[in-house]
Amino acid sequence: MSDTSILTITDLRAKVADEDLEILTGVNLEIRPGEVHTIMGPNGSGKSTLAKVLAGHPEYEVTSGDVVFKGQPLLDLEPNERALAGMFLAFQYPTEIPGVSIANFLRTALQARLEDGEEVDLFDFQDELLDRMKLLDMDPSFAERPVNDGFSGGEKKRNEILQMAVLRPSLALMDETDSGLDIDALQIVANGVNTLREENPEMAILLITHYQRMLNYIQPDAVHVMVGGRIVLSGGPEVAIALEEQGYADWKEQEGDEEGKKEEGKEEKEQEEALTA
Amino acid sequence: MSNSPQAAEAPIAEEETPSSLDESAVERISEGAPSWLSERRRHAWSVFEDTPFPSTRSEEWRYTDVSRVVNLADLRLVTDGGLAENGSRPAGLVAAMEEDLAASGHAVLVDGSVVHVDLDPALEEQGVILTSLRSAVHEHGDLLEELLATEVVPPEDGKLQALNAALWTDGVLLYVPRNVKLDLPVRVTRWVSHAGSAVFARTLIVAEPESQLSYVEELLSDDFDQRTFVSSAVEVIARDGAQIQFVSIQQLGRDVFCQSAQRTLAHRDAKLDTLNVSLGASVTRLDLNSRLLGPGAHSELLGLYFGDEDQHFDHNTSQDHVAPDTGSDLLYKGALDDRAQSAFRGMIRVHRDAQRTDAYQTNRNLLLSDECRANSLPNLEIQADDVRCSHGATVGQLDSEALFYLLSRGLSQDQAERLIVLGFLGDVLARLPLGGVVEKVTRAIERKLEHV
């Protein structure tokens, strides 16, 4: 692990692009290479929005704040440039791409990482893909299926991790990868992720989840609690365990208390936020 | 198996003075022809003269105003394969001819006239005929007199069909006798070289009972700076138990008006499938009528189009179920970019006696820009009561979530669009996977996408 951060988020605020609806209300977070950070929080707290904003989803608009990824300002980059820089978002709801096989899709994604004039070696790629599918206990025929088209929920999630395994990001944002997985599938996915971490100890992970159970398999270095669009508590794994027992009710109340302490200029935004909470 | 026709033995004829599209042209083309043919041409010309120009007021021509697409008075008829003045072949034609794909035989047409034919000698011995219509008039007169421009695509079908029947200069005859099976496709290349010309060609394909064939034609030209008219009449007959796959890949240059009238006849237990790929030309009009004439007959009608700039496609299809226990399945898919437009008008007609018909029709369109437009008009006319029919049409935009998903994996906007478009169109090709067709069409679509 290195001392320089891979991701530094400073007072990040973001809203839905077409509406006056602020979802992220000042997020601060620092992740160093090799670290696993978990964000937990109730529905609608902004966890998934944070992941999408970091990946550059056009549905959201950053209104203020800074994000530095590997020493570079992130927010000016196009979504594909962020991916090429080493960011990977494992989607909560992976999208179907009819008629496009996983193999073709991943080959194109690798091709995008090469210089002009360079070509992905087809045989090397096939070997690599089969190897990665084995890691995730996937049948080789999976490679020829159209991306996420007709997949079960579990297959979609596994397909996300397969892509992560092939593309080898330096920062993986995993958005509720555990939801929709039965315990066996969860173990396979978690083992896959842990193998990737062994292969590349510098890879950092931001793990967004509702439940503590994923953390039994992937040990976090830090657990953050997000409520109302910002991180309200950070700590070690014990935070997750406490949350599992007590729920988020306390945090919601506390958020209400904080409301009064805010300076006047921000009042309007805070009210909107309270409406969404 | 024969080799690709790299060296055509027929020297290309000196260019004749092209003539106008009028009655004197009919007389001139008829010189030396048997009387039945001259009669037929004169009859077709009179039908042409008696038939009004298609109007956008008629349902079938609602989306294409032919009077604005082509002015016949501006066109010159090319009656012989008069190629470039110095006799050399344009690069596009040479490239197509040199493509070394496995084939039962080849035919090459330049400006509507056959300049090369070769056929696997083993097939020739079994009675397979692959020849130019011009020589078939003399060598296989009886067959042509019976079938050419009579019951399959007669002049009475419409103004442009009549014009073709009067003025066709040449074309391809493919005849496969009873029980003979062609393992490899017959490959036909049709090149058009003259800007401002009118080219009229016909294709007649006959598969006798229990025979089998596949036919892949490509229509090619450079881009022109003058409206050029390429007219085709395609007649395909599958006798009892025969199997035919017909593929036409149209990659003509800009400023071409490509008009094709096709009819397929599927007799008892015949399987007759067509794939029409429209990528080129400025305006494309396809009339395809698929007739199921005998119990057990089945046809797949597949179509794919991808338009950009100001391209215009008009597909007019009909599935005619005349006999009981017949099936047809149509899938036409198109993607449009820039200001391109498409119209699809599909008809399923189930005749009174055609009980237990299965007929399906699907047209799907993917719009890649805000300015392109797709119109889709599915129709059913059912006179029998025990049938299974369905039709559906969709017009959709590029899925922004799918696009973001691909971008988030590092694909550029162009790469992402390319995958989505090819994925969208790909299942049409997958349904008729003839050697080389999928790759060829995929490459052509990729080339077009690179311009986007």
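Here is a short chat about chains A and B of a predicted model.

Trainee: How many helices and strands are there in chain B?
Mentor: Chain B has 11 helices and 20 strands.

Trainee: And how compact is chain B?
Mentor: As compact as a globular protein of its length, because its radius of gyration is 21 Å and the globule rule gives 22 Å for 452 residues.

Trainee: What does the C-alpha trace of chain B span along its principal axes?
Mentor: About 65 × 55 × 50 Å.

Trainee: What share of the residues of chain B count as buried?
Mentor: 61% of the 452 residues. Buried here means under 20% relative accessible area.

Trainee: What about the accessible surface of chain B?
Mentor: That surface comes to about 16,700 Å². Carbon and sulfur atoms hold 44% of it.

Trainee: Contacts next. In chain B, what share join residues at least 24 apart?
Mentor: 85%, counting contacts between residues at least 6 apart in sequence.

Trainee: And charges? How many positive and negative ones does chain B have?
Mentor: There are 40 positive and 72 negative charges. Their mean positions are 5 Å apart.

Trainee: Switching to chain A. Is helix 1 mostly covered or mostly uncovered?
Mentor: Mostly covered. Helix 1 runs over residues 47-55, and 8 of its 9 residues are buried.

Trainee: Which residues are buried there, in helix 1 of chain A?
Mentor: A:Lys47, A:Ser48, A:Thr49, A:Leu50 and A:Ala51 are among them. So are A:Val53, A:Leu54 and A:Ala55.

Trainee: What comes just after helix 1 of chain A?
Mentor: A:Gly56, with a positive phi of about 90 degrees.

Key: Residues are numbered from 1 along each chain as its sequence is written. Chains are lettered from A and ligands numbered from 1 in the order in which they are written. This is a predicted model: local features need pLDDT of at least 70, side-chain atom pairs count only at pLDDT 80 or more; totals for chains, interfaces and linings use all residues. Side-chain values use heavy atoms; hydrogens and water are left out. Helices (H or I, at least four residues) and strands (E, at least two) are DSSP runs, numbered from the N terminus. The radius of gyration is taken over C-alpha atoms; the globule rule is 2.2 Å times the number of residues to the power 0.38. Buried means under 20% relative accessible area, exposed over 50%, partly exposed in between (1.4 Å probe, protein chains only). Contact means heavy atoms within 4.5 Å. Accessible areas come from the Shrake-Rupley method with a 1.4 Å probe; for residues, only the protein chains shown count as cover. Lys and Arg count as positive and Asp and Glu as negative; His and the chain ends are not counted. The place of a charge is taken as NZ of Lys, CZ of Arg, CG of Asp or CD of Glu.
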